[in-house]
Amino acid sequence: MIKVSNLTIRYPEVVAVDNVSIQLKEGIIYGLVGPNGAGKSSFIKALVGLIAEYDGDIYFDEFSRSKDRHIIKSLFGYAPEDPDLYPYLTGKEYLHMIADIRQVDANSQIKALQSDFGLDNVFDDLINRYSHGMRQKISFAAALIGEPKNLILDEALNGFDPISQYNSKNILLTLARNGHTILLSSHVLELVENWCQEIIILNEGKLLAEYTLEQIEDIKARTGKDFSEHFVSLVQRPSEGL
Amino acid sequence: MNAILKYHVRQLFNYWHHLKFRIRAEIIILFIIFYSFFTDKLVFYFNQILDYQDTSLTGLSTIVLHLLMLIVILSTPFIYFNLFPRQKGLTNLSLYPLKKSEALTTLMIYFVKYQIIIILIATPVFTALMLSTGPLMLLYILFLLCSSLFLSGLMVLILASKYLSRSRIFYQYFLFFFLYFVSFAIVYWTTYLFFYYTILVIFCGWIVLLRYWNARWQSWDHVLNRYRPVVQKSTQNMSKLTYFQFPSAIPKTVRPLFIKEILSHIRNKNYMRLKIISLFIYLIIMILVDIFYHEYFTTAISLLTILLIWEHYSHQFNEKYVMKETRFFIKVLPIKFYQYSLSKFFSEFLYIALILFVVLILTLIHGIALFKILNILGIITIFSLFVLYIITLIRIIFYDNPRVAGYAYHFLIIFTVVMSFSFYLVGPIVTLFIIIYLHFISNRQFAR
């Protein structure tokens with residue numbers, strides 16, 4: 001469970017996240033969407049600890065981010081859009097290193113991820129040979145190592161091929177069924193709509209709306225618009241939100 | 001103003017305004033302190049030369065001019081081969097159909113950028129000269145600056161007047177500048193050696209070279225392609241040692257990070273080559289010192305080893321040799337400060353151990369008394385530990401900005417050396433406090 005209370009992130013000339021409160025429950029995949037500059041990345045960076053200066057509270061289960069920083073680091077996995085990996089390790093070594101840092105025995109999980117993401121041919125190559133998509137797969141696999149209770153994905157699936165996307169979706173659904181909390185940020189509305197059970201919309205740093213799938217179906221039936229159209233009109237005319 | 005120049009200048013202003021007020025104030029204060037400190041020391045030194053050694057004003061100014069020219073000449077190939085290919089702005093702009101003047105401006109900006117920094121560093125020397133020798137030197141320096149401006153302007157005009165194919169424009173300029181400066185270096189030193197240096201000969205040499213290269217460089221397509229600067233690709237060949245072959249005796253808490261460091265060193269051929277070549281050159285110098293300057297061997301081995309360690313570890317901040325640390329690694333993964341710092345420290349200590357072993361062998365061969373050997377090894381070890389610890393801390397503090405980390409490293413080493421030699425007791429104490437402070441800040445990177 002992730003609980004965010006009155007989160008406000010200020011940059012010198014702009015308020016990136018403005019008093020956002022939200023609770024992410026176990027067993028649900030949440031989608032986080034919003035236009036560019038909506039504050040999605042800042043929100044996620046604050047969750048994972050990449051931004052330390054903010055107002056408000058962030059809790060992972062009963063642990064506060066400001067007080068129990070080191071404990072929290074063991075409670076979540078994180079995959080960013082542009083992963084910074086170590087170029088002189090192989091993909092296999094990198095995943096084993098992460099497993100050792102997290103102090104989990106992940107041999108069988110790493111083998112499964114290797115086949116799920118189609119990494120067989122490159123697993124023993126240095127990461128500096130990998131394409132962007134391959135790096136994203138390794139980063140995503142690293143976030144899954146040890147099956148952390150919370151998973152935070154920031155545009156992490158953009159470079160995936162269709163087979164890896166399909167396998168990733170199955171992995172996330174299995175994790176959600178087992179009670180993990182998953183937050184998935186993406187620009188691709190179709191992906192969010194198909195993968196997530198609840199969708200959070202941020203705009204100009206504010207929480208604009210929070211929908212369950214049932215509510216989205218209801219909106220579609222009521223307005224005759226698909227989710228993309230509704231999203232655009234909502235961002236342009238926020239008063240239409242729930 | 002040329003648009004390219006305008007945007008490059010604006011970048012500088014934006015960068016300055018983007019810094020916090022505290023950091024800006026710190027930069028200005030540090031600059032003033034260093035500027036005053038070095039100027040003060042140099043004024044004293046120049047006055048001594050002028051008062052006691054009967055050195056004429058012209059002689060002194062010639063020394064300074066030579067120093068400046070030497071800096072410019074030596075830095076040119078380094079800028080051409082090492083720094084040009086890394087300029088992202090240059091690479092990006094070279095993809096656009098630039099006008100001749102824009103291409104030239106871009107090139108000049110990146111070419112002069114590093115030399116300006118070097119010349120800025122030399123400004124305390126000029127200030128000290130002016131203070132020591134009075135307004136005559138000021139006039140002399142003004143003359144030098146005006147001559148340089150005139151000659152640079154002349155060069156720019158001649159280049160801009162030529163038609164150049166746009167696709168190759170950057171590489172043509174590269175080659176021209178490189179050949180020109182190498183030739184100029186040869187002419188400069190030749191005239192110095194054989195004609196005892198006259199401004200007139202240098203000036204004529206400059207013009208002749210300009211005409212000579214300008215007439216030839218454009219037709220050298222094959223040469224252009226051959227000498228086109230490229231960023232060296234990192235190695236693709238992997239060493240046989242893998243993550244899984246390290247002994248299990250390494251403590252579990254530091255094991256993954258330690259192995260990551262060792263593998264990153266071993267598999268980066270540039271870094272391994274640097275280590276081997278540095279040690280090889282050091283060995284040759286020490287053997288030569290032992291043969292030709294036998295009586296200075298003890299001093300030389302201490303100083304040169306210290307220099308080797310200082311120089312070698314400055315490459316820790318060059319991404320060609322050591323990759324910058326990932327933010328994700330420091331902030332997101334459950335890693336503690338002690339795990340990270342110990343793994344960095346011990347992975348690099350292996351090379352220090354090798355250097356110490358080489359020093360031990362050299363001193364034993366030279367036949368120095370055991371007490372003295374221990375003394376030398378002790379000094380080198382203390383300096384090495386200091387350097388390694390400083391590197392570890394600075395790399396954590398500036399984990400995402402190797403360039404600033406590099407400046408901080410050199411600053412700290414120079415600061416420590418100057419303070420320790422100038423104020424025997426206060427210097428080390430101040431340094432100790434700085435280390436404690438850095439320790440605190442770097443620890444905080446993991447805690448926040």
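Helix H11 of chain B (residues 255-267) makes the largest contribution to the lining of the largest cavity, supplying four residues. The model in which this cavity appears is a predicted one. The lining comprises 14 residues, and those nearest the centre of the cavity are A:Tyr86, B:Glu261, B:Ser264, B:Val322 and B:Met323. Both chains are thus named around this space, with A:Tyr86 from chain A and the other four from chain B. By class, six of the lining residues are nonpolar, three are polar and five are charged. The volume enclosed is about 110 Å³.

A search of this kind is easy to picture: rolling a probe the size of a water molecule over the atoms shows where empty space is left. In this model, seven cavities of 30 Å³ or more were counted. The second largest has a volume of about 40 Å³. From chain A, its lining takes A:Asp100, A:Ile101 and A:Gln103, while chain B provides B:Lys252, B:Thr253, B:Pro256, B:Leu257, B:Pro334, B:Ile335 and B:Gln339. Here H11 of chain B appears again, and both this helix and helix H3 of chain A (91-102) give at least two residues to the lining. The classes in this second lining are five nonpolar, three polar and two charged residues.

Attention can now turn to helix H4 of chain A, which spans residues 107-116 and has A:Gln109, A:Ile110, A:Leu113 and A:Gln114 among its buried residues. Viewed down the helix axis, the buried residues of H4(A) fall within an arc of 140°, so they line one face of the helix. The other side of H4(A) carries A:Ser108 and A:Lys111, both exposed. What do the buried residues of H4(A) pack against? Their partners are three helices of chain A, namely H3, H5 (132-144) and H6 (162-177). H3 of chain A therefore has a part in two of the settings described, because at least two of its residues also belong to the lining of the second largest cavity. Just beyond the end of H4(A), A:Gly118 adopts a positive phi of about 60°.

At the level of the whole chain, chain B contains 18 helices and zero strands. Its length is 448 residues, of which 44% count as buried. Considering contacts within chain B between residues at least 6 apart in sequence, 77% link residues at least 24 apart. The exposed area of chain B is about 25,100 Å², and carbon and sulfur atoms account for 72% of that area.

Definitions and conventions: Residues numbered from 1 in each chain as written. Chains lettered and ligands numbered in written order. Predicted model: local features only at pLDDT ≥ 70, side-chain atom pairs only at ≥ 80, totals over all residues. Heavy atoms only, no water. 1 Å grid on protein atoms, 1.4 Å probe; cavity = no way out; pocket = protein on both sides within 12 Å on 5 of 7 lines; lining within 4 Å. Points joined across faces, edges and corners; volume = space filled by probe spheres on them. Nonpolar A, V, L, I, M, F, W, Y, C, P; charged D, E, K, R; others polar. Buried < 20%, exposed > 50% of the residue type's maximum accessible area, 1.4 Å probe, protein only. Arc of directions from axis to C-beta. Contact = heavy atoms within 4.5 Å. Areas by Shrake-Rupley, 256 points an atom, 1.4 Å probe, with all protein chains shown as cover.
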